[in-house]
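Here are a few exercises for you to try on the structure below. Have a go at each task before you read its solution.

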Amino acid sequence: MTENKVAIVTGASRGIGNAIAAKLAGEGYAIVAVGTSDREKVSANLHNIQKAGTRFAYVQADVSTDAGRQSIVNCAMEQFGRIDVLVNNAGVAPKVRMDILETTEESMDRVLGINLKSTFFLSQAVANIMRWEVAEIPGITPKIVNISSISAYTSSTMRAEYCISKAAISMVTMLFADRLADEGINVYEIRPGVINTDMTSVVKEKYDALISNGLTPIKRWGQPEDVANAVSVVCSGLLNFSTGEVINVDGGFHIRRL
Ligand code: NAP
């Protein structure tokens with residue numbers, strides 16, 4: 001069933017995106033994996049995806065640039081001829097955590113460019129191809145999946161630009177879900193909590209303590225595979241009457257407690 005399906009996963013060279021791409025490859029998708037790293041440097045991680053044996057391409061591209069996004073779309077269409085799933089996962093934290101009273105314009109532009117602008121314009125470019133596919137390819141049900149964060153609604157005053165980028169991804173999800181419903185394209189937001197990756201390795205001890213002290217009802221770190229499983233569910237088609245949906249993958253962090 002999935003043997004001809006194609007998924008683009010941004011930020012697939014490491015962490016959550018790598019697990020998502022590996023999961024979808026295991027389900028038969030051809031994968032266009034995106035990262036800024038040299039292929040050689042991340043070859044072991046890419047092997048996690050390639051070992052499924054499905055068709056595979058790695059695009060070294062910066063998603064915050066128009067040229068980078070175009071090269072991703074061109075690769076998918078030239079090598080595989082269709083796009084069934086786009087996962088907007090690539091993201092960065094600020095290089096330096098700074099109080100909101102000190103946040104620089106440079107850091108704001110960088111974080112919004114990589115996390116937010118890329119999600120909007122890659123969705124736009126891919127949605128225009130998916131619209132055409134829905135008319136041309138019988139039975140295709142394309143999906144766009146945006147990886148946001150609990151930071152979409154949780155204040156961290158030392159990384160405001162990150163929180164703002166993730167809150168805005170929630171609106172990008174709603175806007176595209178609304179606009180694309182009539183086109184036969186569903187759009188979802190996956191909202192991870194604290195996940196064990198390079199991004200959180202710098203604050204590992206802090207989160208170890210918070211988690212054991214009850215930060216989340218489910219007292220463990222999230223793993224990249226937890227997020228990958230949620231992406232797999234929305235891509236499965238079992239949620240085809242749901243769009244604009246937010247799936248929390250956060251150990252219950254979002255539950256208000258007394
Ligand atoms: P990570 O381990 O730091 O990996 C980030 C990925 O994004 C890497 O593959 C990186 O590729 C790619 N990337 C960064 N800048 C890019 C750019 N300009 N163009 C293309 N690719 C770029 O981070 P992660 O923890 O897996 O996070 C993945 C997503 O989940 C992010 O959107 C993050 O905000 C979100 N998230 C993470 C957590 C968490 O606790 N870890 C929680 C909530 C949400 P290269 O290294 O090759 O550049």
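The exercises below cover helix packing, nonpolar cores and single residues.

This is a predicted model, in which local features need pLDDT of at least 70, side-chain atom pairs count only at pLDDT 80 or more, and totals for chains, interfaces and linings use all residues. Residues are numbered from 1 along each chain as its sequence is written, and side-chain values use heavy atoms, with hydrogens and water left out.

**Exercise 1. Describe how H1 and H8 pack.**

Step 1. Two packed helices are described by the angle between their axes and the distance between the axes. Helices (H or I, at least four residues) and strands (E, at least two) are DSSP runs, numbered from the N terminus. Axes are lines fitted to C-alpha atoms, for helices over the stretch in contact, and angles run from 0 to 180 degrees between N-to-C directions.

Step 2. For H1 (residues 15-26) and H8 (residues 224-235), the angle is about 45° and the axes are 8 Å apart.

Step 3. H1 and H8 are therefore oblique to each other; angles under 35 degrees count as roughly parallel, over 145 as roughly antiparallel, 65 to 115 as roughly perpendicular and the rest as oblique.

Step 4. Now find the contacts (heavy atoms within 4.5 Å). Residues of H1 including Ile16, Ile20 and Leu24 meet residues of H8, among them Val227, Val231 and Cys235.

**Exercise 2. Place valine 231 in its surroundings.**

Step 1. Valine 231 sits in helix H8.

Step 2. Its relative accessibility is 0%, so valine 231 counts as buried; buried means under 20% relative accessible area, exposed over 50%, and partly exposed in between (1.4 Å probe, protein chains only).

Step 3. Leaving out residues up to four places away in sequence, valine 231 touches Ile20, Leu24, Val87, Val145, Ile147 and Ile190.

Step 4. Between valine 231 and isoleucine 144 there are 10.0 Å from C-alpha to C-alpha, although they are 87 residues apart in sequence.

**Exercise 3. Which members of the largest nonpolar core touch the most other members?**

Step 1. A nonpolar core is a set of buried Ala, Val, Leu, Ile, Met, Phe, Trp, Tyr and Cys residues joined through side-chain atoms within 4.5 Å.

Step 2. The largest core has 34 residues, and Ile8, Val32, Ile72, Val126 and Ile144 touch the most other members.

Step 3. Elements that give two or more residues to this core include strand S1 (6-10), helix H3 (66-79) and helix H4 (105-136). H4 provides the largest share, eight residues.

Step 4. A second, separate core of 31 residues includes Ala33, Val42, Phe56 and Val234.

**Exercise 4. Work out the angle between H3 and H4 and what it implies.**

Step 1. The axes of H3 and H4 cross at roughly 30° and come within 10 Å. That makes H3 roughly parallel to H4.

Step 2. Arg69, Ile72, Val73 and Met77 in H3 meet residues of H4, including Phe121, Val126 and Trp132.

**Exercise 5. Is alanine 12 buried or exposed? And is arginine 256 buried or exposed?**

Step 1. Alanine 12 is in the loop between S1 and H1, while arginine 256 lies in the segment after strand S7 (245-249).

Step 2. With 0% relative accessibility, alanine 12 counts as buried. Arginine 256 counts as exposed, at 83%.

Step 3. The contacts of alanine 12 include Gly17, Ala33 and Leu46.
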